[in-house]
Amino acid sequence: EEHNVDLPSRPPDAAGYYHTHGDDTPDPDGSRYDEEHFSPQDKQFAPDLPAYLGTPTFDFKVYLPPECH
């Protein structure tokens, strides 16, 4: 089962983006995704914008890429 989605182009005036992770998603090889942290794909989605993540344990996290510092 694939866990990727195609997202639309970001608006030119975007200031950041937010998404959530589901709970205990199995990886195709039988391991588990780390749903509590940003994935490499999350960080690459918009490498020049802050990212916000809601986790299965109800944490709210922020990733500030180097371009935002």
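In this predicted model, buried residues account for 23% of the 69 residues in the chain. The accessible surface of the chain amounts to about 5,300 Å², and carbon and sulfur atoms contribute 53% of that area. When contacts between residues at least 6 apart in sequence are considered, 40% of them join residues at least 24 apart.

The chain contains one helix and three strands, and, read from the N terminus, these elements follow the order β-α-β-β. Strand 1, which spans residues 17-20, presents two faces: Y17 and H19 lie on the covered face, whereas Y18 and T20 lie on the uncovered one. This strand runs parallel to strand 2, which comprises residues 51-54, and the two are joined by four bridges. Within this pairing, H19, a residue of the covered face of strand 1, stands opposite L53 in strand 2.

Y18, which belongs to the uncovered face of strand 1, also takes part in a nonpolar patch on the surface, where Y18, F60, V62 and L64 together have about 420 Å² of accessible area. One member of this patch, V62, is located in strand 3, which covers residues 60-63. V62 is classed as partly exposed because its relative accessibility is 46%, a value that falls between the limits of 20% for buried and 50% for exposed residues.

Technical notes: Residues are numbered from 1 along each chain as its sequence is written. This is a predicted model: local features need pLDDT of at least 70, side-chain atom pairs count only at pLDDT 80 or more; totals for chains, interfaces and linings use all residues. Side-chain values use heavy atoms; hydrogens and water are left out. Patches are made of residues with over 30% relative accessible area and no salt bridge: like charges are joined within 9 Å, nonpolar side chains (Val, Leu, Ile, Met, Phe, Trp, Tyr) within 5 Å. Accessible areas come from the Shrake-Rupley method with a 1.4 Å probe; for residues, only the protein chains shown count as cover. A salt bridge is a side-chain nitrogen of Lys or Arg within 4 Å of a carboxyl oxygen of Asp or Glu. Buried means under 20% relative accessible area, exposed over 50%, partly exposed in between (1.4 Å probe, protein chains only). Contact means heavy atoms within 4.5 Å. Two strands pair if DSSP finds at least two bridges between them.
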